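Reader: I am new to protein structures and would like to learn how to read one feature at a time. Could you give me the general idea in each case and then show me where to look?

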Amino acid sequence: VLRAALVSTGHEVLRGDTPNTNASWLARRLTAEGLLVTSSRTVGDLLEDVAEAIRGAAAEADVVVVTGGLGPTEDDRTREALARAAGTPLALDAAAWDLVRAYFGRLGREPAEVQRRQALLPRGATALENREGTAPGVLGAALGRPVWLLPGPPREMRAVFEAHVVPSLRGDRRREPVAARVVRTAGSPESEVAAAIEDLMRGSEPVVGTHPDDGEVAVRLLARGEGAPARADAAAAEVARRLGPAVVSREEDVRVEHAVVSLLRGAGTTIATAESVTGGLVARMLVLVPGASEVFRGGWVAYSDEWKREALGVPEDLLARFGAVSAEAARAMAEGALARARAGIAVATTGVAGPGPDARGVPEGTAFVALAVRGRATEAKALRLAVAREAMQRRTAVAALDLARRHLASSP
Ligand code: ATP
Ligand code: MG
């Protein structure tokens, strides 16, 4: 195995003002490249703290990746910290200075004098071109282990990682074959998904886990070692078989809205939306998918009772009797949208986003989604969502799209 340890630097990260997305991104990428990430440290800007973290990381891993603190200012001390961790002096590196000058040259400018700090490298270290910013990355060493210094801004970090770190790692025979797979599901709570694959989740090879993912539930699988791809494929196929109609896709970037658009295109039909609690989120999710214009007729945001009546024709006595947050109202909204948009199918959402109950005493987190289809009885689904407002709206939107997905996937 090839072990990697991460060090994130910067007071704003340490205090929580900047979410440490660099560490999660790097951990994921390194894992995908067949490394075993053994630890992730976060420190501030103090020279000795950064140096100590680099030494600690180098003592336990084969490769160290550090982010942040490569800028030109006084609080950017990572190069100096590496020099201290390695016990080598800093010296102006001609190649690093050329990279800084070249970056400014492309912008038609000259580097300021302070930028020279970015060319001060521990002796023996190598400067790495950063095409996205002024600060070159650095490859140095501590305790005989390679230490990669990457810029803090995520774009720059990713650019230097992909351009320099990945090609170098790929030459390392200690990497293990790894295969990551995902099975995306919607419409079933995480507990149900987990229960269906409990035995697979208890095993350790491949590692199988469920993760709530923006209203969906993703099952992720990671196999390691000889034969990893075949093991991962077999396990993913078994997961998909057990989860059946809940499975949205086996691709990272095919979510319920993508599945719905592609199924609608395949069926040559169209969709319309009638949204209360989600305030247009269902429509928004659809239009983010390329090709939505071929299948999305349009929709309504019918938030007030009056607008549900006027725009969608939801009967007044229905609203008086069942309330706007009811299966009956959701069905009437979907039918109103279907008829008015002359679409093939229509989905509707209604609910109480909270905090607190609505005027009729319906508790927060209650929602109904409905699906109307030409020539079929309109179906509705009740949801009880114990999450805050925005997450509740998101889950409701996913549930509405999932009704459409399940219908389209099961129709010939
Ligand atoms: P700069 O040249 O911009 O100063 P730098 O390499 O010195 O870059 P930092 O000063 O440590 O990097 O951080 C610059 C910015 O990069 C931070 O303000 C923050 O927005 C982002 N950043 C730094 N570290 C992280 C991290 N771990 N995760 C996500 N973003 C980060
Ligand atoms: Mg900085």
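Author: Let us begin with the elements: helices and strands are runs assigned by DSSP, a helix having at least four residues and a strand at least two, and both are numbered from the N terminus. The model before you is predicted, and its chain has 15 helices and 17 strands. Taken along the principal axes, the C-alpha atoms of the chain fill a box of roughly 80 × 50 × 40 Å.

Reader: How many residues does the chain have, and what percentage of them is buried?

Author: A residue counts as buried when its relative accessible area is under 20%, and as exposed when that area is over 50%. The chain has 412 residues, and buried residues make up 50% of them.

Reader: Could you show me how to apply those cut-offs? Is Leu383 buried or exposed?

Author: Leu383 is found in strand β17, and because its relative accessible area is 12%, Leu383 is buried. Arg384 is also found in strand β17, but with a relative accessible area of 58% Arg384 is exposed. You can also compare separation along the sequence with distance in space: Leu383 and Phe368 are 15 residues apart in sequence, and their C-alpha atoms are 6.0 Å apart. For Arg384 and Pro363, the separation is 21 residues in sequence and 9.2 Å in space, again from C-alpha to C-alpha.

Reader: Next I would like to understand the ligand. Which residues come nearest to ligand 1?

Author: There are 16 residues around ligand 1, and those that come nearest are Asn20, Gly69, Gly71, Asp76 and Gly152. By class, this shell is made up of six nonpolar, eight polar and two charged residues.

Reader: Which backbone atoms should I look at around ligand 1, and how far away are they?

Author: For a polar contact, look for a pair of N or O atoms within 3.5 Å. A backbone N or O atom of Gly152 lies 2.9 Å from an oxygen atom of ligand 1, while a polar backbone atom of Leu70 is 3.0 Å from an oxygen atom of the ligand. A polar backbone atom of Thr21, in turn, is 3.4 Å from a nitrogen atom of ligand 1. Taken alone, ligand 1 exposes 610 Å², and the protein buries 75% of that area. The elements that give two or more residues to the shell around the ligand are α1, at 11-14, and α2, at 21-32.

Reader: How does one find empty space in a model, and what is the volume of the largest pocket?

Author: Rolling a probe the size of a water molecule over the atoms shows where empty space is left. In this model, the largest pocket holds about 510 Å³ of space. Its lining has 24 residues, and Ser188, Pro189, Gly215, Leu385 and Arg395 lie nearest the centre of the pocket. Two or more lining residues are given by each of β10, β11, β17 and α15, and α15 supplies the largest share, seven residues. By class, the lining of the largest pocket divides into 11 nonpolar, four polar and nine charged residues.

Reader: What is the volume of the second largest pocket, and which residues lie nearest its centre?

Author: The second largest pocket has a volume of about 420 Å³. It is lined by 16 residues, of which Arg28, Ala180, Arg220, Leu221 and Leu222 lie nearest its centre. The elements α2, β9, β10, β11 and α9 each supply at least two residues of that lining.

Reader: How many cavities of 30 Å³ or more does the structure hold?

Author: A cavity is a space where the probe fits but cannot get out, whereas a pocket is open. The structure holds one cavity of 30 Å³ or more, and about 40 Å³ of space lies in the largest cavity. Among the residues that line the largest cavity are Leu99, Tyr103, Arg106 and Glu129.

Reader: Finally, what should I look for in the backbone itself?

Author: Most residues other than glycine have a negative phi, and most peptide bonds are trans. Here, a cis peptide bond joins Glu205 and Pro206, with omega about -5 degrees, and Pro206 has its place in the loop between α8 and β10. Leu143, which is not a glycine, has a positive phi near 50 degrees, and Leu143 is found in the loop between β7 and β8.

Technical notes: Residues numbered from 1 in each chain as written. Chains lettered and ligands numbered in written order. Predicted model: local features only at pLDDT ≥ 70, side-chain atom pairs only at ≥ 80, totals over all residues. Heavy atoms only, no water. Near = heavy atom within 4 Å. Polar contact = N/O pair within 3.5 Å; in protein donor to acceptor, adjacent residues only side chain to side chain. Areas by Shrake-Rupley, 256 points an atom, 1.4 Å probe, with all protein chains shown as cover. Nonpolar A, V, L, I, M, F, W, Y, C, P; charged D, E, K, R; others polar. 1 Å grid on protein atoms, 1.4 Å probe; cavity = no way out; pocket = protein on both sides within 12 Å on 5 of 7 lines; lining within 4 Å. Points joined across faces, edges and corners; volume = space filled by probe spheres on them. Buried < 20%, exposed > 50% of the residue type's maximum accessible area, 1.4 Å probe, protein only.
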